[in-house]
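I sat down with a new model today and kept notes as I went. Here is what I looked up, in the order I looked it up.

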Amino acid sequence: MTNFVPLAMMGWCAEVTYLASTGFTKCSILLFYRRMTKGTYNKRWKYAILVAIAVTAVYSLVFIFMLIFSCSPTAAYWKSFNPYYDEDFHCIESQYTNVLSGGMSIASDLYSVLLPCIMLRKFDAPRRQKIALNIIFSLGLIAVAAGSVRTYYLEKVGHSIDLTWDGYDVLVWAQLETQLSLICASAPALRVFFRTYLTNPLRAFSA
């Protein structure tokens, strides 16, 4: 039974890391959208992006602090799995906050995907370039799907009697969502990389 303590501690660290990494990644993507609208006179896009950045940053910080202070003392989050732990502690019910956190993550992912697709309809750019950008941005729907599956398993963990078994599925889908988000955030920069080094690699490396 004492083996659950380090596992619970690693799970807690993974949750904090997940919230921080996905929050930073989404803000990075939204800042890229902000650069796309720089110099335009349509303030609606500017405000829509700034509001999205603010909401993403706030809810990420709120859930990180909720996780840190979900138990008093904080170490009781993992130490309480030790049957010999006899200190006084209090923990809030996490099954509702976990689902709320997953729902907010899905909503922000979906917003980050739909916003640029709507923006590109008003942009004066070649048709082929618009199609390519829409394909890149639509890849974020895969991250939305991964986040939805993660939230499903997260809800199951709240009612599970075997956290190590059901928690594994949450970890897998959380990692998949995080990595897909990073790929989507890097996709616009990779376009320049592939155009430079794959169209004429000898010239690029000699330069």
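The entries below go from the overall fold to the cores, the cysteines and one surface patch.

**Entry 1: overall fold.** I am working with a predicted model, and I keep that in mind throughout. I began with the secondary structure and found eight helices and two strands in the protein chain. Reading from the N terminus, I noted the order α-α-β-α-β-α-α-α-α-α. I then checked burial: 36% of the 207 residues count as buried. For the accessible surface of the chain I got about 13,100 Å², with 67% of that belonging to carbon and sulfur atoms. I also looked at contacts between residues at least 6 apart in sequence, and 70% of these join residues at least 24 apart.

**Entry 2: the cores.** Which residues have the most contacts inside the largest nonpolar core? I found Trp12, Leu19, Leu67, Tyr77 and Trp78, in a core of 16 residues. Helix H1 (4–36), H2 and helix H3 (76–79) are the elements that give two or more residues to this core. H1 supplies the largest share, six residues. I followed Trp78 a little further: leaving aside residues up to four places away in sequence, Trp78 touches Val5, Ala8, Met9 and Trp12. There is also a second, separate core of 15 residues, and I noted Cys27, Leu30, Ile49 and Phe137 among its members.

**Entry 3: the cysteines.** How many disulfides does the model hold? I counted one. Cysteine 71 and cysteine 91 form it, with their sulfur atoms 1.9 Å apart. The angle about the S-S bond is 115°, and the link is right-handed. Cysteine 71 lies in strand S1 (residues 71–72) and cysteine 91 in strand S2 (residues 90–91), so the disulfide ties together parts that are 20 residues apart in sequence.

Next I asked whether each partner is buried or partly exposed. Cysteine 71 has a relative accessible area of 6%, so I put it down as buried. Cysteine 91 comes to 27% relative accessibility, so I put it down as partly exposed. I looked up two further cysteines while I was there. Cysteine 27 is buried at 14% relative accessible area, and cysteine 13 is partly exposed at 34%.

**Entry 4: a surface patch.** I finished on the outside. Val58, Val62, Met66 and Ile92 make a nonpolar surface patch of about 300 Å². I placed one of these residues, valine 58, in helix H2 (residues 43–68).

Notes. Residues are numbered from 1 along each chain as its sequence is written. This is a predicted model: local features need pLDDT of at least 70, side-chain atom pairs count only at pLDDT 80 or more; totals for chains, interfaces and linings use all residues. Side-chain values use heavy atoms; hydrogens and water are left out. Patches are made of residues with over 30% relative accessible area and no salt bridge: like charges are joined within 9 Å, nonpolar side chains (Val, Leu, Ile, Met, Phe, Trp, Tyr) within 5 Å. Accessible areas come from the Shrake-Rupley method with a 1.4 Å probe; for residues, only the protein chains shown count as cover. A salt bridge is a side-chain nitrogen of Lys or Arg within 4 Å of a carboxyl oxygen of Asp or Glu. Helices (H or I, at least four residues) and strands (E, at least two) are DSSP runs, numbered from the N terminus. A nonpolar core is a set of buried Ala, Val, Leu, Ile, Met, Phe, Trp, Tyr and Cys residues joined through side-chain atoms within 4.5 Å. Buried means under 20% relative accessible area, exposed over 50%, partly exposed in between (1.4 Å probe, protein chains only). Contact means heavy atoms within 4.5 Å. A disulfide is a pair of cysteine sulfur atoms within 2.5 Å.
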